[in-house]
Amino acid sequence: MKYGYFNDQDKEYVITSPDTPLPWINYLGSENFFSLVSNTGGGYSFYKDAKMLRLTRYRYNNVPLDSNGHYYYINENGTIWNPGWQPAKTPLDFYECRHGLGVTRFTGKKNGLKANVTSFVPLGDSCEINQVTLKNESTASKDFTLYSYVEFCLWNAMDDMTNFQRNFSTGEVEVEGSVIYHKTEYRERRNHYAYYSVNSQIQGFDTDRNTFVGVYGSNQNPAMVEKNTSGNSMASGWSPIGSHRITLHLEPGEEKTFVFVLGYAENEPDLKWSAPDVINKAPSDAVLKKYRTAADIEAALEKLKQYWTDLLSTYSVTLNEEKTARMVNIWNQYQCMVTFNMSRSASYYESGTGRGMGFRDSCQDLLGFVHMIPQRARERIIDIASTQFEDGSAYHQYQPLTKRGNMDIGSGFNDDPLWLIAGVSAYIRETGDWDILKENVPFDNDADRSQTLMEHLRRSFGFTKSHLGPHGLPLIGRADWNDCLNLNCFSTEPGESFQTTGPSEGPVAESLMIAGMYVKYGKEYAEICRMTGLEEEAIEAETSVKAVYDAVLKSGWDGEWFLRAYDAAGNKVGSKECREGQIFIEPQGFCVMGGIGIEEGLAKKALDSVQERLDTTYGIVLHQPAYQTYHKELGEISSYPPGYKENAGIFCHNNPWISIAETMIGRGNRAFEVYRKTAPAYTEEISEIHKTEPYCYSQMIAGKDAANFGEAKNSWLTGTAAWTFVCISQHILGIRPGFHGLIVNPCLPDSIGEFSAIRKFRGATYHIHVVRKGETGNNISSFLVDGSAIEGNEIPFQAGKTEYRVDLTLE
């Protein structure tokens with residue numbers, strides 16, 4: 001069942017039924033100010049950090065679902081409705097929500113009155129703009145009232161939800177004309193405030209929630225809206241809100257447009273006040289002057305549209321698989337940019353109050369956006385590396401506002417160091433910027449302990465090299481990529497965090513996942529050493545990588561697939577000897593991605609085992625059989641019910657690893673089959689089963705052991721976005737950056753016999769055309785660059801050259 005449709009021309013998903021299975025959301029903002037908005041107007045805003053500088057409240061897991069939001073109420077002769085349906089839920093004569101790139105548009109109609117709301121965050125300013133247009137489409141004049149409504153958060157979202165003994169006494173506001181200023185705590189330690197304005201005279205306002213909603217009321221039917229009046233209330237403690245009241249008269253065919261601006265403003269400490277207890281409004285006034293008219297809004301929207309056009313033009317394809325083209329050209333890259341902005345912090349599943357930016361997460365996300373924003377990727381690398389410890393290990397996360405690491409979920413995740421190598425390698429291959437390795441970067445944000453970024457990579461590689469277990473395989477530490485495989489935890493008490501309980505280290509528990517990473521990224525590290533003149537170090541790295549490669553073949557092969565790990569007692573995990581959890585997806589993907597077992601014929605056996613034992617209708621499950629009992633020696637992975645999350649769920653993040661691995665042994669059809677099963681555009685027809693948005697990837701889908709097989713959870717903020725874009729763009733379509741130039745080496749399925757692509761790379765535009773002759777061939781038979789044949793699959797980079805014509809034939 002579908003709840004809407006794709007509009008590829010305008011790069012939108014058009015939702016035609018408001019009661020989607022779950023809130024289907026969009027992200028507004030691309031710099032410092034962000035808003036989340038659902039298809040029914042739910043959501044919230046924040047500046048830079050969703051925890052520390054939250055502007056508006058959102059009630060997670062509330063009943064009814066998806067509340068609060070930035071709402072507009074219309075009261076016409078006692079009929080109260082919202083253009084986005086919620087929260088009044090009055091049946092509409094017409095409803096439509098268009099989620100686009102940084103823009104969401106609502107259209108609601110009721111009794112001949114049409115309301116359009118266009119929501120976006122403009123470039124260059126820290127505010128959300130809502131343009132509201134009301135048109136009388138009936139044959140009689142109309143008199144009605146428009147109300148705006150937001151509920152302010154008291155800045156620290158976690159404290160706002162818990163510290164009521166203080167918070168109910170701190171709320172403060174100012175009102176000047178049509179602008180409501182939220183200034184809670186501004187009088188003391190803060191020098192920032194929020195403001196909510198409309199470019200029109202108003203007939204009333206409210207800033208006190210109890211007055212507007214009613215002490216025992218709700219935002220579904222606010223008391224002031226029902227009474228068709230305003231309390232002109234001034235919040236003093238309790239819960240501050242912002243609401244404007246505008247009375248309107250429209251003749252048939254007449255329309256009026258209003259511009260509402262919700263913004264963040266900040267003053268220098270010595271410029272906080274313009275008069276006693278009157279905030280300095282200069283920064284907010286400057287922004288409000290820019291967004292007064294419809295022409296102002298149109299110009300800002302056009303600038304935003306051009307911004308996204310330029311970003312997406314870096315990689316675009318033309319091919320006969322419409323749904324694949326849709327994902328590659330629009331939605332997959334868009335989601336990669338969202339993960340750049342948010343990491344795993346703010347969504348309808350991540351409350352924005354804890355996780356911040358993940359070390360591992362941010363490194364992986366970089367793989368999906370570095371081609372679009374290389375300079376910002378460079379900055380992100382420096383931020384990430386600055387939280388690393390001197391021994392090469394790292395905080396597992398850091399807060400975006402301070403850019404300092406925190407210990408909320410500890411450290412000691414032994415895969416983290418290698419992800420830094422992955423991110424830096426991707427950046428250098430994309431940009432050719434070798435100077436980044438010379439940048440002085442602190443350890444643990446301590447400038448007195450700064451070393452070059454190259455030294456940070458050396459410490460990363462050296463950490464794994466010096467943390468090998470009894471089989472010569474890397475020690476897992478707190479966990480590897482799978483945070484829920486906790487082999488040194490041993491928790492038996494409810495409520496304990498699996499990520500911080502027990503020792504973070506152990507001398508025995510080893511990871512085949514990290515082994516695959518060490519081989520893959522160790523090779524890239526060796527190449528970086530070689531390219532920077534460190535030949536001896538490159539050879540040493542390759543020798544160490546070869547030792548782990550051999551250890552995997554000797555102690556990590558289980559006969560038909562790669563083991564997952566050795567636990568703290570030295571027992572195998574992910575072996576046919578196990579009663580549960582006999583085969584895991586991660587090592588089959590990452591070991592093959594590292595090239596392990598390809599020449600020996602083991603890679604094909606491992607991937608065949610994945611297809612036979614892990615594949616399902618909706619994607620590849622993480623392991624089989626599911627854990628039916630709790631294993632304290634394994635930790636959180638066995639704590640989930642069978643089929644959910646890490647306990648044999650379809651963890652979408654690692655499905656691309658299998659797809660990429662399949663391309664490495666030349667099986668294009670199988671690689672594309674794996675890709676297609678979790679690609680959102682291909683799940684649109686089963687939205688009633690899948691439930692999450694059909695335009696973005698989710699973290700997980702319930703596996704075949706679950707009661708709700710096929711149901712997705714945790715959409716948007718997932719490494720699935722970056723890895724799937726890497727999979728389809730760099731390995732199936734085969735266009736990827738190399739250290740020496742652009743590589744073109746597709747591994748196509750039968751359904752893509754020909755395609756064209758435009759790839760911008762290091763200041764040049766590559767016009768690529770690929771033709772696949774026959775039904776099964778993926779071997780390069782002809783490689784022409786500007787009409788001349790070249791050897792291999794990498795086009796040598798030529799400084800100053802701006803256009804390339806590439807013609808590739810596969811047989």
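The largest pocket of this predicted model is lined by 41 residues, and those nearest its centre are K520, E524, H731, R736 and I743. The space inside this pocket comes to about 990 Å³. Several elements contribute at least two lining residues each: helix 10 (416-431), helix 12 (512-531), helix 16 (655-664), helix 20 (720-732) and strand 38 (735-737). Of the elements around the largest pocket, helix 20 provides the largest share of the lining, with six residues.

Helix 20 deserves a further look. All of this helix falls in the buried class, 13 of 13 residues, so helix 20 is largely enclosed by the rest of the structure. Just after the helix comes G734, whose phi is positive at about 80°.

Turning to enclosed spaces, a search of the whole structure returns six cavities of 30 Å³ or more. The largest cavity holds about 170 Å³ of space. Its lining is made of 21 residues, and G41, H70, Y71, Y72 and F106 are the ones nearest the centre. Two or more lining residues come from each of strand 4 (33-38), strand 5 (43-47), strand 7 (71-76), strand 11 (113-120) and strand 12 (127-136). Strand 4 gives the largest share of the lining of this cavity, namely three residues.

An annotation is also available for part of the chain. In an unreviewed UniProt entry, residues 11-270 are annotated as "domain: Glycosyl hydrolase 94 supersandwich". In the model, this span is 46% strand and 8% helix, and the C-alpha atoms at its two ends are 46 Å apart.

Two open sheets are described next. In general, the strands of a sheet pair through backbone hydrogen bonds, in either a parallel or an antiparallel sense. One open sheet has six strands with mixed pairing, arranged in the order 22-40-41-45-42-43. Its edges are formed by strand 22 (315-319) and strand 43 (788-789), each of which pairs on one side only. At the strand 43 edge, the partner is strand 42 (residues 780-785), and the two are antiparallel, with two bridges between them. Within this pairing, V785 has S788 of strand 43 as its bridge partner.

The other open sheet consists of three strands in the order 35-36-37, with antiparallel pairing. Strand 35 (650-651) and strand 37 (712-715) are the edge strands, pairing on one side only. Strand 35 is joined to strand 36 (residues 698-701) by two bridges, and the two strands run antiparallel. Here I650 stands opposite I701 of strand 36.

Finally, a single acidic residue offers a nice local view. D558 sits in the loop that links helix 13 (535-555) to strand 29 (565-566). Although it belongs to a loop, D558 has a relative accessible area of 4%, under the 20% cut-off, and therefore counts as buried. Beyond its neighbours within four places in sequence, D558 is in contact with L563, K572, S575 and K576. With one of these residues, S575, the D558 side chain makes a side-chain polar contact of 2.9 Å.

How values were computed. Residues numbered from 1 in each chain as written. Predicted model: local features only at pLDDT ≥ 70, side-chain atom pairs only at ≥ 80, totals over all residues. Heavy atoms only, no water. UniProt positions renumbered as here; feature names shortened; annotations may be inferred. Helix = DSSP H or I, 4+ residues; strand = E, 2+ residues; numbered from the N terminus. Pairing = 2+ DSSP bridges. Buried < 20%, exposed > 50% of the residue type's maximum accessible area, 1.4 Å probe, protein only. Polar contact = N/O pair within 3.5 Å; in protein donor to acceptor, adjacent residues only side chain to side chain. Contact = heavy atoms within 4.5 Å. 1 Å grid on protein atoms, 1.4 Å probe; cavity = no way out; pocket = protein on both sides within 12 Å on 5 of 7 lines; lining within 4 Å. Points joined across faces, edges and corners; volume = space filled by probe spheres on them.
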